[in-house]
Amino acid sequence: MYVAVKGGERAIENAHRLFADRRRGDRSVPSLTLEKIAQQLAFSVDRVMSEGSLYDRELAALAVKQSAGDLIEAIFLIRAYRTTLPRFGASRPIETGSMLVERRISATYKDMPGGQVLGPTFDYSHRLLDFMLAAEGEVPEPSRLENIPDQPTPGVATILDREGLIEPHAEFDEHAPVEDLTREPLDFPASRALRLQNLARGDEGFLLGMGYSSQRGYARGHAFAGEIRMGEVEVEFFAEELGFDIPLGRIKVTECQMVTQFKGSAKVPPQFTRGYGLTFGQNERKAMSMALVDRALRWEELGEEFMAPAQDEEFIMSHSDNIQATGFVEHLKLPHYVDFQAELDLVRRMRAEAAAHQNQDASYNEAAE
Amino acid sequence: MSGHYNFAYLDEQTKRMIRRAILKAIAIPGYQVPFASREMPMPYGWGTGGVQVTAAILGANDVLKMIDQGSDDTTNAVALRGFFEKTAGVATTTRTEDATVIQTRHRIPEMTLQEHQVLVYQVPIPEPLRFLEPRETETRKMHAMEEYGLMHVKLYEDIATHGHIATTYAYPVKVMGRYVMDPSPTPKFDNPKMDRMAALQLYGAGREKRIYAIPPFTDVVSLDFEDHPFDVQEWPDTACALCGAEGVYFDEVITDDHGGRMFCCSDSDYCEMRRAAGHIGDQTRFTEAAE
């Protein structure tokens, strides 16, 4: 009898119970703690915080655990939680120039004030499976400097800026209200600030692909990693009632300044131009991709030719969000049999018509012979 | 992390923002009003727009009916009904006539809706011109200038190629002689029900951040040509195998792997109501096919 989708309620309940069981797995294996996830799967946690737009390591670790390591699902959990939080204002812009630098590299200068600080990285490692890790071998302590040199590490872009070789920092009005694309519907054309906000929340894989395409000739311009820096910065909030800034705490961020040579146009003289990327935690791949896409999106402002998807604001901003994308792609799992029935009816009718035509043609041919 | 959410999940500020969008939508029938769609605890594409509209209009005394594909029992309808039972604690029903708010995906109930009812549609792609012009900046201009030639050309090309218009669902309509509107992917079978409907019709697209509306008793015309008038699907000689209804929208249910199939009402409440009134379908139709 007709039972196809009846009893959905119990089925859903059972499916969720089964999933909880599979997530836990063999009960004799110790369960993951949030602390272990936050410490030992730090890149997962950082990505979930960035794309979830919520800086909270513990909640992000919980989301990773709850989603059994499906990071887009974890981001979704964080977003759904974040949307319920009250907003009491926007922080002051963070000062990445005064960052407590943990890693800082430049591909454009061999050395500069503050030096190249390699810091913790996958770079230059041989990608060989480490069987010692599987055997739970001891991990030696990192080497430490006796005295940490107390010298400032100004941004590389600032150095170029002194010579007037790079475009000045984007102007912004400190007192203008901060746009928030989670609170206002998106309208095109969007400001650069809003574009960067969209990219910062955007899917790492999508931005990687789009940034990569801009390197392969789908958009013009050869980028240099002017600087990538990662470390902690202070977040401050201006309290209206008190009349001064209150420190809220420190967050770890990765910042990328891409530098692209630009031959000049009717609008702008020849100079280096900037592309900007920023993520929570450590995520250089995302910060670099974001900077490439940011630069590609600036074609109109710089008077460049439009030629590729990476430059297309509507295309990029409408498709960068993985929660929107995964929702709409996966909604195809929902029943569509009403529409399918309508199509079935149409295809049957068109087939019948096509067959009738063929028969008619055949009888004409016979008559002609 | 508190387990207590506001009535119907959304905070009152957000509801007010959505209500303003709804009022604007009612004032400009068929016009897509941008709204600051929130991130909801269900995925985009699974009814976030409809859920936000429902949450914004729901009162404590409302009776909610939730359907998907015409049925109260489909998995997503069950999940969304559960969401409002949990967050709003409102009474729910499967009976069309008892409901004050009906949220739907892909169907309009067979029973004629009344003035005290509101029909909330879940909308995936609110822009009827989207598949002709992917850019929002362009389509907004086309609506503003009432530039709908492209849509007529598309329908004409269908006729030139197939001899008839090959759009079976999400069939475009013109609302009150002004805006061309996407009725959400309901089958075109349901289009005539939208015309001069007594109930208020609200459309919510969460991912695309748009709300639009058809006020009660508004003219809604399916686009067509004088020599190719709009028509709806028909199932000649077909009746519901469960309740014997004819002239309704049918689900086709495959009963075996030798081509056996039966038809039954897509609107499960309508079907149940008929069976309760003593109507019985001819179930031998599908058992014969099975043999």
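How many helices and how many strands does chain B have? Eight helices and twelve strands, where helices (H or I, at least four residues) and strands (E, at least two) are DSSP runs, numbered from the N terminus.

Before going on, the ground rules. This is a predicted model, in which local features need pLDDT of at least 70 and side-chain atom pairs count only at pLDDT 80 or more, while totals for chains, interfaces and linings use all residues. Residues are numbered from 1 along each chain as its sequence is written, chains are lettered from A and ligands numbered from 1 in the order in which they are written, and side-chain values use heavy atoms, with hydrogens and water left out.

Chain B as a whole, then. Its C-alpha trace spans about 60 × 50 × 35 Å along the principal axes. The radius of gyration of chain B is 20 Å, which agrees with the value near 19 Å for a compact globule of 291 residues; that radius is taken over C-alpha atoms, and the globule rule is 2.2 Å times the number of residues to the power 0.38. Of those 291 residues, 58% count as buried. Buried means under 20% relative accessible area, exposed over 50%, and partly exposed in between, with a 1.4 Å probe and protein chains only. On contacts, meaning heavy atoms within 4.5 Å: among those in chain B between residues at least 6 apart in sequence, 62% join residues at least 24 apart.

Next, the interface. Here 48 residues of chain A are in contact with 62 residues of chain B. The size of an interface is often given as the accessible area lost when the parts come together. Between chain A and chain B the buried area is about 4,600 Å², and carbon and sulfur atoms give 59% of it; this is the accessible area (1.4 Å probe) that two parts lose on being put together, summed over both.

How many salt bridges are there between chain A and chain B? The count is four, a salt bridge being a side-chain nitrogen of Lys or Arg within 4 Å of a carboxyl oxygen of Asp or Glu. R348(A) forms a salt bridge with E252(B), and their closest N and O atoms are 2.8 Å apart. There are also 19 residue pairs in polar contact across the interface, both residues at pLDDT 80 or more. A polar contact is a pair of N or O atoms within 3.5 Å; within protein, one must be able to donate a hydrogen and the other to accept it, and residues adjacent in sequence count only if both atoms are side-chain atoms.

On the side of chain A that touches chain B, the elements giving two or more residues are α1 (8-24), α4 (57-66), α5 (71-82), α13 (322-330) and α14 (337-368). Of these, α14(A) gives the most, with 13 residues. The residues of that side divide into 23 nonpolar, nine polar and 16 charged. In that division Ala, Val, Leu, Ile, Met, Phe, Trp, Tyr, Cys and Pro count as nonpolar, Asp, Glu, Lys and Arg as charged, and the others, Gly among them, as polar.

Now some single residues, chain A to begin with. The peptide bond from F188(A) to P189(A) is cis, with omega near -5 degrees. P189(A) is in the loop between α7 (156-162) and α8 (192-201), and A190(A) is in the loop between α7 and α8 as well. A190(A) counts as buried at 11% relative accessibility. Leaving out residues up to four places away in sequence, A190(A) touches R195(A), E313(A) and M317(A). S214(A), in helix α9 (residues 204-215), is buried at a relative accessible area of 8%.

In chain B, two residues other than glycine have positive phi: S184(B), near 70 degrees, and D237(B), near 55 degrees. Is each one buried or exposed? S184(B), in the loop between β7 (179-181) and α6 (191-194), is buried, with a relative accessible area of 0%. D237(B), in the loop between β10 (220-222) and β11 (250-254), is exposed at 72%.

Last, Q117(B), from the loop between β4 (101-105) and β5 (118-122). Q117(B) counts as buried at 2% relative accessibility, and its side chain reaches the backbone oxygen of A99(B) at 2.9 Å.
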